[in-house]
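The exercises below are meant to be worked through with the sequence and the model open side by side. Each one sets a task and then takes the solution step by step.

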Amino acid sequence: HIPSPLMPQICQEKAHAYEELLRRQVLNIVVPGFHSFFRDIVDAGIPIALATSSPKREADFVLRSLGILENFDAIVDISQVQNSKPHPEAYLTAAQAIGFAPDSCVGFEDSLIGVAAINAANMKCAVVGTTLTTERLDRANLKYDLYVSDFRSVSLGELSLLFSLSKGGS
């Protein structure tokens with residue numbers, strides 16, 4: 001049993017240690033080409049939303065550590081939905097928050113449950129293959145419109161092509 005006067009200090013030290021661990025891990029998990037691709041989206045004026053299963057505090061911390069928090073038009077975290085992924089609620093809420101119909105949005109995912117949520121939301125799906133292979137996606141019978149190994153191999157032009165092809169364009 002820990003004496004109650006020490007609890008706030010212990011909790012604060014635990015939170016600080018966790019944030020330091022996250023800070024170090026964030027720098028290790030940034031997918032090559034991400035910052036440049038993200039900057040292209042911001043510079044093009046495309047609204048950006050995040051649909052995350054993480055608590056807001058953790059999502060904000062990671063985005064702030066990456067230096068991109070201020071670029072998000074909406075962040076939908078686990079506290080804002082009743083159903084977690086693979087349910088589409090987080091993605092649908094994010095699309096609504098930026099004023100877009102789901103079928104006019106592209107969701108980026110690196111997990112099977114996230115891809116399933118995007119599929120259920122009727123959004124275009126771009127898979128970032130950091131943890132997923134096309135074989136795993138196919139075995140899970142999940143649909144994806146674009147598969148990239150990292151962000152160096154995708155452009156805004158490719159994303160816009162997803163929509164022109166789906167509407168009968170060339």
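**Exercise 1.** Is aspartate 60 buried or exposed, and what is its relative accessible area?

*Solution.* The model is a predicted one, and the values used here are computed from it. The relative accessible area of aspartate 60 is 12%. Buried means under 20%, so aspartate 60 is classed as buried.

**Exercise 2.** Determine which side chain meets that of aspartate 60 in a salt bridge, and place the two residues in the secondary structure.

*Solution.* Step one is the contact itself: the side chains of lysine 56 and aspartate 60 form a salt bridge, with an N to O distance of 2.8 Å, and the cut-off for such a contact is 4 Å. Step two is the location, for both residues belong to helix H3 (residues 56-66), where they are four residues apart, about one turn of the helix. Step three is the exposure of the partner: lysine 56 has a relative accessible area of 42% and is partly exposed, whereas aspartate 60 is buried.

**Exercise 3.** Find how many salt bridges the whole structure holds, and describe the ones that involve arginine 39 and arginine 152.

*Solution.* A search of the whole structure gives five salt bridges. One of them joins arginine 39 to aspartate 43 at 3.6 Å, N to O; both residues lie in helix H2, four residues apart, about one turn of the helix. Arginine 39, at 37% relative accessibility, is partly exposed, while aspartate 43, with a relative accessible area of 57%, is exposed. In another salt bridge the side chains of arginine 152 and aspartate 150 meet at 2.6 Å, N to O. Here arginine 152 is exposed, at 62%, and aspartate 150 is buried, at 9%.

**Exercise 4.** Classify the ring pairs that phenylalanine 151 makes with phenylalanine 34 and with phenylalanine 37, and state which parts of the chain they link.

*Solution.* The count of aromatic pairs comes to seven. For phenylalanine 34 and phenylalanine 151, the ring centres are 5.5 Å apart and the planes stand at 70 degrees, so this pair is edge-to-face. The pair links distant parts of the chain, 117 residues apart, with phenylalanine 34 in helix H2 (residues 34-43) and phenylalanine 151 in the loop between strand E5 (146-148) and helix H7 (156-166). Phenylalanine 34 and phenylalanine 151 are both buried.

For phenylalanine 37 and phenylalanine 151, the centres are 5.4 Å apart and the planes at 25 degrees, so this pair is stacked. Since phenylalanine 37 lies in helix H2 and phenylalanine 151 in the loop between E5 and H7, the pair ties together parts that are 114 residues apart in sequence. Phenylalanine 37, like phenylalanine 151, is buried. As a last step, the pairs can be placed in a wider group, for Phe34, Phe37, Phe38, Phe72, Phe108 and Phe151 form one aromatic cluster.

**Exercise 5.** Work out the strand order of the sheet that contains E4, and explain why E3 and E5 stand at its edges.

*Solution.* Three strands make up an open sheet with parallel pairing, in the order E3-E4-E5. Strand E3 (106-109) and E5 each have a single partner strand, so one side of each is left without a neighbour in the sheet. Neighbouring strands of this sheet are turned against each other by 20 degrees on average, direction ignored. Strand E4 (residues 124-128) is joined to E5 by three bridges, the two running parallel, and alanine 126 stands opposite leucine 146 in E5.

Methods:
Residues numbered from 1 in each chain as written. Predicted model: local features only at pLDDT ≥ 70, side-chain atom pairs only at ≥ 80, totals over all residues. Heavy atoms only, no water. Phe/Tyr/Trp six-rings, centres within 6.5 Å; stacked < 30°, edge-to-face > 60°. Buried < 20%, exposed > 50% of the residue type's maximum accessible area, 1.4 Å probe, protein only. Pairing = 2+ DSSP bridges. Axes fitted to C-alpha atoms, helices over the stretch in contact; angles between N-to-C directions.
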